[in-house]
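The following exercises concern strand pairing, backbone angles, surface exposure and aromatic contacts. Please work through each task before reading its solution.

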Amino acid sequence: DAINVSLTEQFYIFAESSGVANPEVIFTNPASIDINVTIASVQSGALMIEDYLYSGPFNVTILAGETRAVINIPFIIDDVEEGIENFTIMISSDNLHPNLTITDIPIANTAIVDGIAVISFSRSVYKTNEDAETFQAQVNFSEPIEFNIAVRIRANDGFATGNDYSCSNQCNHTLTAGSIVVLFDLNIVDDSILE
């Protein structure tokens, strides 16, 4: 069967200190055999060999029955303050498996940021009450990003369950270029039950 292949995001951001960029490539449905996908890169502010290791197109393998694979691109950790450096990754049409069609997000901007505390919540604990209907979580970046970037938070059940709030498990928003704050609104379910 025909399978669409795509990157998961248009923009990725990684701390240089992490040592590696690990974006993902995904299929719309699993294949019955292992399939290689060729990944290529174009340098921008970040330079090949000096800032990240890339010597030419390489393959990542999505195993039979799976729908995603992690792309690993190592960084050069140089302890030099360089701010934000970018490079581009893309799904190459070279040697494309005949069952694959490149769709949705074929290319992505990847940012390398110096430092460890790149992104954080504004508080370690948020408090609200059921009557509030919504509450807002704030995510902060340590410095402005020069392009729009997708930010995703995941809501996991604790004492509250998925029946008490809604965020569809993953809340997605965009941090606008030049900004350092993105706000997330989660809906609170008022069920009139004393919990």
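Helices (H or I, at least four residues) and strands (E, at least two) are DSSP runs, numbered from the N terminus. The model is predicted: local features need pLDDT of at least 70, side-chain atom pairs count only at pLDDT 80 or more, and totals for chains, interfaces and linings use all residues. Residues are numbered from 1 along each chain as its sequence is written, and side-chain values use heavy atoms, with hydrogens and water left out.

**Exercise 1. Determine the strand order of the five-stranded open sheet and identify its edges.**

Step 1. Apply the pairing criterion: two strands pair if DSSP finds at least two bridges between them.

Step 2. The order that results is S2-S11-S9-S5-S6, with mixed pairing.

Step 3. Strand S2 (11–15) and strand S6 (58–62) each have a single partner strand, so one side of each lacks a neighbour in the sheet.

Step 4. Axes are lines fitted to C-alpha atoms, for helices over the stretch in contact, and angles run from 0 to 180 degrees between N-to-C directions. With direction ignored, neighbouring strands of this sheet are turned by 30 degrees against each other on average.

Step 5. Examine one pairing: S5 (residues 35–43) and S6 are antiparallel and share five bridges. Within this pairing, Ile39 has Phe58 of S6 as its bridge partner.

**Exercise 2. Locate Asn95 and Asp104, and describe the phi and accessibility of each.**

Step 1. Recall the general expectation: most residues other than glycine have a negative phi.

Step 2. Asn95 is not a glycine, yet its phi is positive, at about 55 degrees. For Asp104, also not a glycine, phi is positive at about 60 degrees.

Step 3. Asn95 belongs to the loop between strand S9 (84–91) and strand S10 (100–102), whereas Asp104 belongs to the loop between S10 and strand S11 (107–113).

Step 4. Classify by relative accessible area: buried means under 20%, exposed over 50%, and partly exposed in between (1.4 Å probe, protein chains only). Asn95, at 72%, is exposed; Asp104, at 67%, is exposed.

**Exercise 3. Characterise the aromatic pairs found in a search of the whole structure.**

Step 1. Rings of Phe, Tyr and Trp (its six-membered ring) pair if their centres lie within 6.5 Å; planes under 30 degrees apart count as stacked, over 60 as edge-to-face and the rest as tilted.

Step 2. The search finds three such pairs. One of them joins Tyr52 and Phe87, with ring centres 3.9 Å apart and planes at 15 degrees, so this pair is stacked.

Step 3. Tyr52 is in the loop between S5 and S6 while Phe87 is in strand S9, so the pair ties together parts 35 residues apart in sequence. Both Tyr52 and Phe87 are buried.

Step 4. For Tyr54 and Phe58, the ring centres are 6.3 Å apart and the planes stand at 65 degrees, so this pair is edge-to-face. Tyr54 is buried at 9% relative accessibility, and Phe58 is partly exposed at 24%.

**Exercise 4. Place Ala21 and state its separation from Ile73.**

Step 1. Ala21 lies in strand S3 (residues 20–21).

Step 2. With a relative accessible area of 0%, Ala21 is buried.

Step 3. Ala21 and Ile73 are 52 residues apart along the chain, and their C-alpha atoms are separated by 5.1 Å.
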